[in-house]
Amino acid sequence: MTTSIMQRPALGPDEHPATHRRTRNLAATVARFSARHRATAIFGWLLFVVAATVLSAAIGTIAAKDSDYGNGESRRADKLIEAAGFPDRAGEMVIVRSDTLTADAPEFQGAVREAVTAVEGTGQVENVRADAVSEDGHAALVTFDMSGDADTAADRVQPVLDAVAGVQDRHPDLYVGQTGAASIDKAIMQGLEEDLTLLSMLSIPVTLGILIVAFGALLAAVLPLGLALTAFMASLGLLAAASRLFPTADSTTHLMLLMGLAVGVDYCLFYIRREREERAKGADPETALAIAAATSGRSILISAFTVIIAVAGMFLTDDTAFISLATGTILVVATAALGSLTVLPALLSKLGDRVDLGRIPGLYRRESNGRFWRLVLKVVLRRPGVSAAFAAAALVALATPALGMRTASDGADGFKHDKPALIAYDEVSAAFPGGADPGVVVVKATDVTSPRMTAAIDAFKTTALATGKLHEPVTVEVSPDKTVARISLGLSGSGTDAASEDAVHVLRDKVIPATVLSVDGAEVAVTGEAAQSVDFNKALTGSVPLVFAFVLGLAFLLLLVSFRSVVVAATAIVLNLLSVAAAYGALVLVFQEGMGENLLDFHARGAITSWIPLFLFVILFGLSMDYHVFVLSRIREGYDRGWPTKLAVSRGIRGTAGVITSAAVVMVAVFGLFTTGSMTSMKEMGFGLAVAVLIDATIVRAVLLPSVMAMLGDRNWYLPKWLGWLPNLSHR
């Protein structure tokens, strides 16, 4: 009867009965319950997914506000602006430029006047100004604010864009373009919608295609994909509830889809392939499922905990974006693991061998012979020292460029500039350095319109422009109660590069102390894209050691408890750090130095997006451990049967070769799809994850791990006597 499927973990075909002992195994216990109560497990999962989806629709997800982001001085400046009661406006600008005419030419002036008339005629704007001319005299700027709520300005900016386009049509010899907060937001949202549509169209069929090749059967391929997608849907509902505590950043749901597909499919692959393997060895369906639950199920549990521990390190940054990404990732990984440990064994118990329905001739096989990996392993184990040296040298060489990594906020430079608003942004940046993305100086005093403060602000303007790093246009806006002044001015550079950051330091360290800060009682803070980038990097530098210590320390403890070996835990940490470092090096070569920028369709800006390195560390460390734990569990399983370490390593890696390869192909394909988008940060994330998984599944898993373990021999399993109290968990 199926109710007796998992009374105890069954003996494997190579296991001697005298060596078998029953130990508590949470994954097997949960799977046993699911097999006994299939209807409860299956319908309970579906009810959970539906309830979570309804919850998300009912309560909505709270998005993080602009004032929730930021670090240090720039965050303090944003808070001052928010508290001062400045009207919440979306600033826009129209640039009129000519290669031949100067701004005082009649045709040029006529175009500027038409631009003013056109935007005013829409009834959507206010505070129109047209008094800024570039230093070379070949460009003029019309600035204005979108009326109404800034949060909805992107939805209302199209009539203004159309009016400006009409001016361009009437003056084909000039360049007339509009950019600003609302128009850029609109362009970016359109780009993101296009990206997500493409990803939705490609990710699911690509994943399904890989699974069909991996399993050779349609139903077996559909199960992992179905679980991954339902886990993603359920986790979105949980995210809506969690957003009450941790507001959600824009990119969180994109990451959740990526991680949901990756780990959800992986966990199912681990489970189903092990069950198939035991069936191929002659075990009956009940016994095969029992062994899969006790072994692969336990690996899934450990892997999920490792990923969650790694990702939880982002909470220590006290950064809104990181905390949101951590929350979303933890929810989707935990949900995918829950489904793999509950509804999956129930479905497999119900289906039995019918899980292989829709077999495809030429692709279907219950057990992979792993000929390629068998050959690689034979070479590696014959000369483990040489193999380890070559593999380690290759990873160190690839990691070396990471020593020169530079990080910066992406800003508008983080998107492909193929839309009119972003093209106009480049035009403004070229004609008015920093004008498209200015620095903002916030001055708080008893009365910022007092003669003394007015004189200090005038001195500030003069001193700032004299540096050569700060530029026109300079605008001053006073709060309704006259206690806060907001001064905007251009910065040298692109807004996120080294020149812009240098301008921020000049502003903070030289200009402000000599002018507005000299007034008694004045409080001054600088914000803007460049200042936020500087402050983010400074805050990150302070939190990185804490995050690394947290992730590495807890991962070490988890592996120590799981495998009862100090050496195995330490080796796993070192090998995974090597794969992460190599991924960093590849990221720098491509996205910072620009190798292959034409292939990936982006423009290198000499820096990596600020949040990417720490994010990649925690995600990659967790995902690398995913494979590592699965392989180590099989090796330990053989060692517990009495096999010599070298034999356990050989058979363990050969036995997991097929599933690891399939899982890695799925991850690399899913992550690789993100390099097709228009956002550079998404390209960086997808590329970094794909490269690291590829390195981990090949060089680390097939060369470094077996060679190092072969050299260490029985020393792999060293555990000090004073740690003998650790629980002895079964790997069989």
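This report describes a four-stranded sheet, a hairpin and several helices in the structure above.

The model is a predicted one, and the description starts with its sheet. Four strands form an open sheet in the order 7-8-6-9, and their pairing is antiparallel. Its edges are strand 7 (470-478) and strand 9 (523-527), each of which pairs on one side only. From one strand to the next, the twist averages 20°. Within this sheet, strand 6 (residues 439-444) is joined to strand 8 (residues 484-491) in the antiparallel sense over 6 bridges, and Gly439 has Leu489 of strand 8 as its bridge partner. As general background, the strands of a sheet pair through backbone hydrogen bonds, in either a parallel or an antiparallel manner.

Two helices pack on the sheet, and the table sets out their contacts and directions.

| Helix | Strands touched | Angle between directions |
|---|---|---|
| Helix 3 (residues 72-84) | strand 6, strand 8 and strand 9 | about 110° with strand 9 |
| Helix 16 (residues 451-466) | strand 6, strand 7 and strand 8 | about 160° with strand 7 |

Another antiparallel pairing is found between strand 2 (residues 125-133) and strand 3 (residues 139-146), which are linked over 5 bridges. Here Arg129 has Thr143 of strand 3 as its bridge partner. The hairpin made by strand 2 and strand 3 has 5 residues between the strands, and in this hairpin Gly137 takes a positive phi near 75°.

Turning to helix packing, the axes of helix 9 (residues 252-280) and helix 21 (residues 612-640) come within 13 Å and cross at roughly 5°. Because angles under 35 degrees count as roughly parallel, helix 9 is roughly parallel to helix 21. The residues of helix 9 that meet helix 21 include Leu255, Met259, Val263, Tyr267 and Phe270, together with Asp266, Arg274 and Glu277. On the side of helix 21, the residues in this contact include Phe615, Ile619, Leu623, Tyr627 and Phe630, together with Asp626, Arg634 and Glu637.

Helix 17 (residues 498-514) can be checked against its expected length: at 1.5 Å a residue its 17 residues should span 24 Å, and because its end C-alpha atoms are 24 Å apart, the two values agree. Helix 17 nevertheless has a kink of about 35°, centred on Leu507. Leu507 is also one of the buried residues of helix 17, and among the others are Ser500, Glu501, Ala503, Val504, Val506, Arg508, Val511 and Ile512.

Technical notes. Residues are numbered from 1 along each chain as its sequence is written. This is a predicted model: local features need pLDDT of at least 70, side-chain atom pairs count only at pLDDT 80 or more; totals for chains, interfaces and linings use all residues. Side-chain values use heavy atoms; hydrogens and water are left out. Two strands pair if DSSP finds at least two bridges between them. Helices (H or I, at least four residues) and strands (E, at least two) are DSSP runs, numbered from the N terminus. The expected span of a helix is 1.5 Å times one less than its number of residues. The bend at a residue is the angle between axes fitted to the seven residues ending there and the seven starting there. Buried means under 20% relative accessible area, exposed over 50%, partly exposed in between (1.4 Å probe, protein chains only). Axes are lines fitted to C-alpha atoms, for helices over the stretch in contact, and angles run from 0 to 180 degrees between N-to-C directions. Angles under 35 degrees count as roughly parallel, over 145 as roughly antiparallel, 65 to 115 as roughly perpendicular and the rest as oblique. Contact means heavy atoms within 4.5 Å.
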